[in-house]
Amino acid sequence: MIPTTALFPQSIPLLQFLAVLMTTDVESNAFEERRRRRSGSWRVVLSLAYQSLGVVYGDLGTSPLYVYKSTFAEDIHHSESNEEIYGVLSFVFWTLTLVPLLKYVFIVLRADDDGEGGTFALYSLLCRHARVGFLPNGQRADEEISAYKKTDDAGAGGEASPSGLKAALERHQVLQKLLLLLALIGTCMVIGDGVLTPAISVFSAVSGLELSMSREHHKYVEVPIACLILICLFALQHYGTHRVGFLFAPIVIVWLLCISSIGVYNIFHWNPHVYQALSPYYMYKFLKKTQRAGWMSLGGILLCITGSEAMYADLGHFSQLSIKIAFTFVVYPSLILAYMGQAAYLSRHHTIANDYRIGFYVSVPEQIRWPVLVIAILAAVVGSQAIITGTFSIIKQCSALGCFPRVKIVHTSAKFHGQIYIPEINWILMILCLAVTIGFRDTKHMGNAAGLAVITVMLVTTCLMSLVIVLCWHKNIFVALCFILFFGTIEALYFSASVIKFLEGAWVPIALSFIFMLIMYVWHYGMLKKYEFDVQNKVSIDWLLSLSPSLGIVRVNGIGLIHTELVSGIPAIFSHFITNLPAFHQVLVFLCIKSIPVPHVQPEERFLVGRIGPREHRIYRCIVRYGYRDVHKDDLEFEKDLVFSVAEFIRSGTPGQNDHANEPDKVGEKMTVVGAGIRLRELNVDPDEAAGPSDSTEIQSAVKGCRKKVRFVLPASEQMNARVREELQELMEAREAGMAFILGHCYVRAKSGSGFIKRLAINVGYDFLRRNSRSSAYAVNIQHASTLEVGMVYYV
């Protein structure tokens, strides 16, 4: 056993002692992982491209299962002239070329938010470049974070953004609300896609059974099997994708190889001249012959690009180059060959007895139909898994930015920070997915619903992307207009064909999006009104400093953490607490945990620490900043980080610093950035055998599941400021006595005389969501045994 004195001799200077502090493994691993992804090594790029096949392209790769079947459902019919099938193939080819390849791979992927993608990434970029953010507790200090950059490589050399557009967005709150509403619509449609994609993918894969039995019998087998697979899929979500993730890429690769091989066989065996249909002339002939029916059938053709948004949404797990390589050289040619092969087969088979048999499996040679069915089901499960995980991720982002009620977030992998599981959302998605499968029981209605969800998300991305081109890339507004007119026209055409089928299934994503958007907007509105009440009713710091033992106020041992959303001033909940219980802890920390519109915050930039009042009061303010993709630590790690950040603030402070921080309007200016994620070295020390130095002070805190002790030693011989030494010693004594988390349990009510809509939103909607969501104590990972809730009514 190594004695403690050998590890921490009393003569060690404090600066050397602080060098013992180190960043936690979880965060350093996460940043190392992101650094590795951005490296230019071809080995890393090809490895990420291989992994992306199983995560990103499962949904897009299974689209040949249902595109032709949905397109020829009722609107158009396959005739001997082959004009319909050739026209559909031409539409599929150019849609795949223009939207996923040109728009996403070559343009949208470049609009990453520090390596992250998705609807909220675009909105985050706009929030930082045009000051249109909806987070009320923003600070100028947030803009000094390294990730909060306002330049972009894509815009290097471009023209300055038009001041008129930027000024209009910053000046008019109506435009800011419309921008937020647009981002919420896209987010809600992604959630709706998380319901519809598993249903149509699994159902279409299982539909291969229709070729081995009559239509009257297979419908009684198809739905139960599809439901059973979906139940198993959602039931296994809590294990995390990392446990079976190594199988995802091989399954998708085998599937892509299978459909492309079948496509090549069908092309050479049935119609080698089918390549002529790739000419856009056949699109003109198709629309000229079918007219309105052909336009309505575009809702089925649209399904060939379902899953394209995943390339951008999952950008944070891979890299731009790896996703581009995987799609351009593997996925895109495989899909084109698959669609051409199906068209070649159908061009020589015009006497199919039933229209429902126009699908993928009818073009598969009978000898390999059963193995292909098994592979298709596995690929559909992989594609469904990806969209479900993506739904979890976007809900986590919404919750972090205050647009979704707090939910339980379980990180299923210690190595991959993006793999999460949300129990409540998982079971809600499962119930809705089963309801869609049982309610529709055919790919036609499911395709109409999924198509509208997909194209709406793409339209939102196009609109936000046009603003990014101007405000973030600093391009001429003419470039943005060309982008939105070209791609917006294509997507608007498909959107119109999808929305016209409102009664034939397209109402499902609209209904789901309306419900989720109502939840998001009511929660955001309630949180905003609650924050405004806090700002208007905050207590002056002079009042806090006037509290003294003569007023019956006593200071008890320990550290008291007062949770608040305010970044300055004293929350009203604390005055309410003092009024009912005239005592507070010897060390008081007003803790604000907030999210900022960046994906990740470096550990060394996470904590902002300041002093409230004179040094003798031992009152601090600590602002903990997280990005919308950051992982929140557990309670023990968070407590240690918090204490050591305050200790580092005390140590680094010069004599007299912050002595005048009691001025309310200057509190924010007195705060200092302190490195987060630091901890003391954990030692396997037996408390009965390892005797510490008699003239030193220690902090000891047990770590879960082991006998490790964390020791914090103050050297007696160090030449440091006596006031700093005294303050550090008192902080350590308070940490030894324990920490208490004082949390406000707020009941928000609308003021008397408020309008009916406001009373309905606050008294009914927000109150219901608040009572059925996780508390703030869970959001910051504090043990329930350490919390003290103070009830208070907020009239907003």
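This passage describes several strands, two loop residues and one histidine of a predicted model.

A good place to start is strand 6, which covers residues 607-611. Five of its five residues are buried, so the strand is largely enclosed by the rest of the structure. The side chains can be followed along the strand: Phe-607, Val-609 and Arg-611 point one way, while Leu-608 and Gly-610 point the other way. Residues on both sides of strand 6 are buried, Arg-611 included.

The partners of strand 6 come next. Strand 7, made of residues 619-627, runs antiparallel to strand 6 and is joined to it by five bridges. Within this pairing, Leu-608 is found opposite Ile-623 of strand 7. Strand 8, residues 672-674, is also antiparallel to strand 6, and three bridges link the two. Here Val-609 of strand 6 faces Thr-672 of strand 8.

The loop between strand 6 and strand 7 holds a residue worth a look, Arg-618. Most residues other than glycine have a negative phi. Arg-618 is not a glycine, yet its phi is positive, at about 60°. With a relative accessibility of 6%, Arg-618 lies under the 20% cut-off and therefore counts as buried.

His-474 offers another example of a positive phi, again about 60° and again in a residue that is not a glycine. This histidine sits in the loop that connects helix 20 (443-471) with helix 21 (477-499).

Parallel pairing can be followed around strand 4. This strand spans residues 554-563 and pairs with strand 5, residues 583-596, through eight bridges in the parallel sense. One position to find in the structure is Ile-562, which stands opposite Phe-590 of strand 5. Strand 4 also runs parallel to strand 12, residues 739-749, and four bridges join these two strands. In that pairing, Gly-560 has Ala-740 of strand 12 as its bridge partner.

Finally, His-411 belongs to strand 2, which consists of residues 410-411. Is His-411 buried or partly exposed? Its relative accessibility is 30%, so His-411 counts as partly exposed. Along the sequence, His-411 and Ile-422 are separated by 11 residues, and in space their C-alpha atoms are 8.9 Å apart.

Conventions
Residues are numbered from 1 along each chain as its sequence is written. This is a predicted model: local features need pLDDT of at least 70, side-chain atom pairs count only at pLDDT 80 or more; totals for chains, interfaces and linings use all residues. Side-chain values use heavy atoms; hydrogens and water are left out. Buried means under 20% relative accessible area, exposed over 50%, partly exposed in between (1.4 Å probe, protein chains only). Two strands pair if DSSP finds at least two bridges between them.
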